[in-house]
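Please walk me through this structure, taking its open and enclosed spaces before its individual residues.

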Amino acid sequence: GGSFFSGGLKAWIWTEGTGTLTLEELVALLGVSIPPSAGPSPLENATGISADGLRICGWGSFPLSQSWVIDLPANAFDGRWVDLGQGLVGGHNQTPALAGEGLLLGGTPMTISLSQAKPNTFATLVVGLFQLDAPFKGGVLVPTPDFLITGLPTGTSGGIDLPASLPAGLPSGISLFFQAWVPDPGAIHGLSASNGLQAILP
């Protein structure tokens, strides 16, 4: 749908992978060209969308007000983030939470966000190519520890956002697995852990 804001009327769209963003931002993420019929100004209003969400139509900028149609890639919305659970509570009676955002298409941005961790310490993000689910430090190590990203500051809020970009050319259907481990003197064996997070590529 469309909405008014300081820059005029714009079309907005919500996807599970990205949340709410403008139609301009979505087509830019997907590398789709904006039709010339949209005029020199940004796409303004979306008036129709197909059942699968892959064809969007609407009208363009004043004074042209011409109609346009955008066809998104067939796999645009096939990527999925899956919460695998297995978090380990910290000394502050909260379990760190890990969440992902992004379409998971090659060459597009994504963000992995940690929250509810012990503040003012340094977390480690475990990245794996497979799901391990092995006992570790009183909890469960969800990913295979193929890559470790250390020294991630949790700050005063107990969280951090980690922007990244998936490389192009990754095979369709593969998964990446993530889990954060956080030093926490109040947790069992001195470590708390987030839920495991699976990213399924379209």
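How much space lies in the largest pocket? In this predicted model, the volume of the largest pocket comes to about 170 Å³. Its lining is made up of Met 110, Ile 112, Leu 125, Val 127, Leu 129, Phe 147, Ile 149, Leu 152, Leu 162, Ala 164, Leu 176 and Phe 178, and by class these are twelve nonpolar residues, with no polar and no charged ones. Five strands, namely E9, E10, E13 (147–153), E14 and E15, each supply at least two residues of that lining, and E13 gives the most, with three residues.

From the open space we turn to the enclosed one. When the whole structure is searched for cavities of 30 Å³ or more, one is found, and the space in this largest cavity is about 40 Å³. Two elements, strand E10 (122–128) and strand E14 (160–165), give two or more residues to its lining, which consists of Leu 98, Leu 114, Ala 123, Leu 125, Leu 152, Ile 160, Leu 162 and Ala 180. Here too the division by class can be stated briefly: eight residues are nonpolar, while none is polar and none is charged. Leu 125, Leu 152 and Leu 162 are among the residues that line the cavity, and the lining of the largest pocket likewise includes Leu 125, Leu 152 and Leu 162.

Next comes a pair of side chains. The structure holds one aromatic pair, formed by Phe 136 and Trp 181 in an edge-to-face arrangement, with 5.0 Å from centre to centre and 85° between the planes. Because Phe 136 belongs to strand E11 (residues 131–136) and Trp 181 to strand E15 (residues 175–183), the pair ties together parts that are 45 residues apart in sequence. As for the setting of each partner, Phe 136 has a relative accessibility of 35% and therefore counts as partly exposed, whereas Trp 181, with a relative accessible area of 5%, is buried.

The loops on either side of strand E8 can be read together. Gly 90 is located in the loop between strand E7 (80–85) and E8, and since its relative accessible area is 5%, Gly 90 is buried. Although Gly 90 and Leu 191 are separated by 101 residues in sequence, their C-alpha atoms are 7.2 Å apart in space. Thr 108 has its place in the loop between strand E8 (97–101) and strand E9 (109–115), where a relative accessibility of 4% means that Thr 108 counts as buried. The side chain of Thr 108 reaches the backbone oxygen of Leu 105, at a distance of 2.5 Å.

Finally, we come to a helix. Which residues of helix H1 (residues 23–30) are buried? They are Leu 23, Leu 26, Val 27 and Leu 30, and, seen down the axis of H1, these buried residues fall within an arc of 90°, so they line one face of the helix. The spacing behind such a pattern is a general one: an α-helix has 3.6 residues a turn, and therefore residues three or four places apart point the same way. Just after H1, Gly 31 takes a positive phi of about 70°.

Key. Residues numbered from 1 in each chain as written. Predicted model: local features only at pLDDT ≥ 70, side-chain atom pairs only at ≥ 80, totals over all residues. Heavy atoms only, no water. 1 Å grid on protein atoms, 1.4 Å probe; cavity = no way out; pocket = protein on both sides within 12 Å on 5 of 7 lines; lining within 4 Å. Points joined across faces, edges and corners; volume = space filled by probe spheres on them. Helix = DSSP H or I, 4+ residues; strand = E, 2+ residues; numbered from the N terminus. Nonpolar A, V, L, I, M, F, W, Y, C, P; charged D, E, K, R; others polar. Buried < 20%, exposed > 50% of the residue type's maximum accessible area, 1.4 Å probe, protein only. Arc of directions from axis to C-beta. Phe/Tyr/Trp six-rings, centres within 6.5 Å; stacked < 30°, edge-to-face > 60°. Polar contact = N/O pair within 3.5 Å; in protein donor to acceptor, adjacent residues only side chain to side chain.
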